[in-house]
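Here are three short exercises to work through with the model open beside you. Try each one before you read its solution.

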Amino acid sequence: MSEPITLRMQRSPIFILHGDRTIGETVREGSDEQIRDPEQYFAGYYAGQEAWAKHFGPLIQEVERGLAELEAFRSQLMKKLEENIVELALAVARKLLHHEIDEGRHRASDMVRGILTSLDVGPDGGTIRIRLHPDDHAEILSLSKERPDDFGEWNYLELVPDESMKRAQFSIDSEFGHVLYDVTQQLDEIEELLVREEGLQ
């Protein structure tokens, strides 16, 4: 029975021991036959590895440096976004809200109802005069005809169309005084409140 052949896989599948003797790799090409010495193979392999390391080492370092700079930029960007998130959010809100108003997709009736609720005024407070843009005035009158039950509680309101008013702007006069409701002004007040609450100033 012949001796077993041991494969030392930790170095290379072609490094073969027969007992204590290294068996060379036999390479055939046509009628030519050549035995390669494993030690020479490893010497060439390590030399090639070293050459590749010298060639690509600087490139890899450059890539790593670029990744580090990218991560630093990302961190700075996130920090800047966090510092300006309130301003950014409100800028987007302003743009969207004004676009909706310019396109006439706001509901003046809902806005007036919200204003009266926030001011806590009602029929017991006497007559209230609200000057508003003619288009907003027309929208409220149209809805009051379609749904009279919803607007029966507004008998104490005097709605006055006024060309000098912008859309979604309301001038309210009552025995409690004068209030000018304007979307831009409201957003400015919200921004001031948020900035103060977040301690961003």
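The exercises below concern a predicted model.

**Exercise 1.** Work out where His 106 sits and what surrounds His 106.

Solution. Start with the backbone: His 106 belongs to the loop that runs between α2 (85-102) and α3 (108-119). Next, check accessibility: the relative accessible area of His 106 is 11%, so His 106 is buried, the cut-off being under 20%. Now list the neighbours, setting aside those within four places in sequence: His 106 is in contact with Glu 100, Ile 101, Met 111, Asp 136, Arg 167 and Ala 168. Finally, look at Asp 136, whose side chain makes a polar contact with the side chain of His 106 at 2.7 Å.

**Exercise 2.** Find which helix gives the largest share of the nonpolar surface patch.

Solution. The patch covers about 1,100 Å², and its residues include Leu 59, Phe 73, Met 78, Ile 85 and Leu 96. Both α1 (38-83) and α2 supply at least two residues each. Counting by helix, α1 comes out with the largest share, eight residues. For a sample from α2, take Leu 88: its relative accessibility is 43%, so Leu 88 counts as partly exposed.

**Exercise 3.** Classify the aromatic pair as stacked, edge-to-face or tilted.

Solution. The count comes to one aromatic pair. Its rings, those of Phe 170 and Tyr 181, have centres 6.1 Å apart and planes at 40 degrees, so the pair is tilted. Phe 170 is in strand β8 (residues 169-174) and Tyr 181 in strand β9 (residues 177-182), so the pair ties together parts eleven residues apart in sequence. As a last step, note that Phe 170 is buried, with a relative accessible area of 0%.

Key: Residues are numbered from 1 along each chain as its sequence is written. This is a predicted model: local features need pLDDT of at least 70, side-chain atom pairs count only at pLDDT 80 or more; totals for chains, interfaces and linings use all residues. Side-chain values use heavy atoms; hydrogens and water are left out. Helices (H or I, at least four residues) and strands (E, at least two) are DSSP runs, numbered from the N terminus. Buried means under 20% relative accessible area, exposed over 50%, partly exposed in between (1.4 Å probe, protein chains only). A polar contact is a pair of N or O atoms within 3.5 Å; within protein, one must be able to donate a hydrogen and the other to accept it, and residues adjacent in sequence count only if both atoms are side-chain atoms. Contact means heavy atoms within 4.5 Å. Patches are made of residues with over 30% relative accessible area and no salt bridge: like charges are joined within 9 Å, nonpolar side chains (Val, Leu, Ile, Met, Phe, Trp, Tyr) within 5 Å. Accessible areas come from the Shrake-Rupley method with a 1.4 Å probe; for residues, only the protein chains shown count as cover. A salt bridge is a side-chain nitrogen of Lys or Arg within 4 Å of a carboxyl oxygen of Asp or Glu. Rings of Phe, Tyr and Trp (its six-membered ring) pair if their centres lie within 6.5 Å; planes under 30 degrees apart count as stacked, over 60 as edge-to-face and the rest as tilted.
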